[in-house]
Amino acid sequence: MKIAGSVAVITGGARGIGLALAKSLAAAGAKVVLGDILEEPLRQSVRGIQRAGGEAAAVVADVTRDEDVQRLMDTAVERFGAINVVCANAAIISDGLMLIRDSATGTVSRVLTTDAFRGVLEVNVVGAFVTLREGARRMVDNGWSGVLVVVSSVNKGGQLGQINYSSTKAAVALWPKILVGEFHMCGIRNIRVVGLAPG
Ligand SMILES: NC(=O)c1ccc[n+]([C@@H]2O[C@H](COP(=O)([O-])OP(=O)(O)OC[C@H]3O[C@@H](n4cnc5c(N)ncnc54)[C@H](O)[C@@H]3O)[C@@H](O)[C@H]2O)c1
């Protein structure tokens, strides 16, 4: 696709891979809209892209909150008039073994908590789902062509100490196949879906 002039929405764009992607797309002429929960780093990232001559906007948005994701997408449309790239990049880790044994007694002394498991699913799976859904519905309704980007990980293969994170990255790795099939079924021809697995 033509990157120059396109509009890219990237969650988790305040730092790391999301920010690197944003800088690279902005340098190639895309307008980038970054969402993140880290308010000050988000603003600094946008200022950095603008100083380098790029066009960028920021929205403080938590991907686990539908209304935040809707505001992120609406801001992209209001500021730049379209959405062509949606990158569901925001993710967290909360590593730990499911069971830890006490070395003296051999009994279980600690477990990976339900909150530590559910919290990672909430951001990495539910948040990514809402991000792609809210971006894609606007693309379909307005006939904007582009691509949805799913961010998995090499750890989708099953990393010890990451039963929660690996599960989320295995889950999202299925989505390009599912969504491309669903779009084909519905006659949606303007949106491609790709997956990345960094690491
Ligand atoms: N860095 C790696 O080596 C690596 C390897 C494999 C996969 N990945 C994947 O690449 C993506 C980016 O990783 P990274 O290393 O840049 O991570 P990072 O922690 O540096 O950046 C993630 C960003 O997501 C934001 N975020 C977290 N929870 C959020 C929420 N609820 N709503 C909105 N934003 C939220 C964080 O504030 C942060 O800015 C992730 O999906 C990660 O799983 C990274």
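Two strands are said to pair if DSSP finds at least two bridges between them, and this idea of a bridge is the one to keep in mind as the tour of this predicted model begins.

**The sheet**

Select strand S4 (residues 85–88) together with strand S7 (residues 146–151), which run parallel and are joined by four bridges. To see one of these partnerships in detail, pick cysteine 87, whose bridge partner in S7 is valine 149. In general, the strands of a sheet pair through backbone hydrogen bonds, and the pairing is either parallel or antiparallel.

Now widen the selection to the whole open sheet, whose six strands pair in parallel and stand in the order S3-S2-S1-S4-S7-S8. At its edges you will find strand S3 (55–60) and strand S8 (191–196), each of which pairs on one side only. If you turn the view to look across the strands, the twist from one strand to the next averages 15°.

**Helices on the sheet**

Next add helix H2 (residues 39–51), which packs on the sheet by touching S2 and S3, and whose direction makes about 175° with that of S3. Then add helix H4, which also packs on the sheet, where it touches strand S1 (7–11), S4, S7 and S8, while its direction makes about 170° with that of S4.

**Helix against helix**

Two packed helices are described by the angle between their axes and the distance between those axes.

Keep H4 selected and show helix H5 (residues 163–173) beside it: the two pack at an angle of about 20°, with their axes 9 Å apart. Because angles under 35 degrees count as roughly parallel, H4 is roughly parallel to H5. Their crossing is right-handed. On the H4 side, look for Ala116, Phe117, Val120, Leu121, Asn124, Val125 and Ala128, which meet Asn164, Tyr165, Thr168, Ala171 and Val172 in H5. The residues of this contact of H4 with H5 divide into nine nonpolar, three polar and no charged.

Now replace H5 with helix H3 (residues 66–80), whose axis comes within 9 Å of the axis of H4 and crosses it at roughly 35°. Here too the crossing is right-handed, as H3 passes H4. The contact is built from Asp66, Val69, Gln70, Met73 and Val77 of H3 together with Val130, Thr131, Glu134, Gly135 and Arg138 of H4. The residues in the contact of H3 with H4 comprise four nonpolar, three polar and three charged.

**Around the ligand**

Finally, select the ligand and the 24 residues around it, of which Gly12, Gly16, Ala91, Ser153 and Gly199 come nearest. Helix H1 (16–27), strand S2 (31–36) and helix H4 (114–142) are the elements that give two or more residues to this shell. Which element gives the largest share of the shell? That share, three residues, comes from H1. Coloured by residue class, the shell divides into 11 nonpolar, 10 polar and three charged residues.

Notes: Residues numbered from 1 in each chain as written. Predicted model: local features only at pLDDT ≥ 70, side-chain atom pairs only at ≥ 80, totals over all residues. Near = placed C-beta within 6 Å. Nonpolar A, V, L, I, M, F, W, Y, C, P; charged D, E, K, R; others polar. Axes fitted to C-alpha atoms, helices over the stretch in contact; angles between N-to-C directions. Left-handed = near helix turned anticlockwise from the far one by under 90°. Contact = placed C-beta atoms within 7 Å. Parallel < 35°, antiparallel > 145°, perpendicular 65-115°, else oblique.
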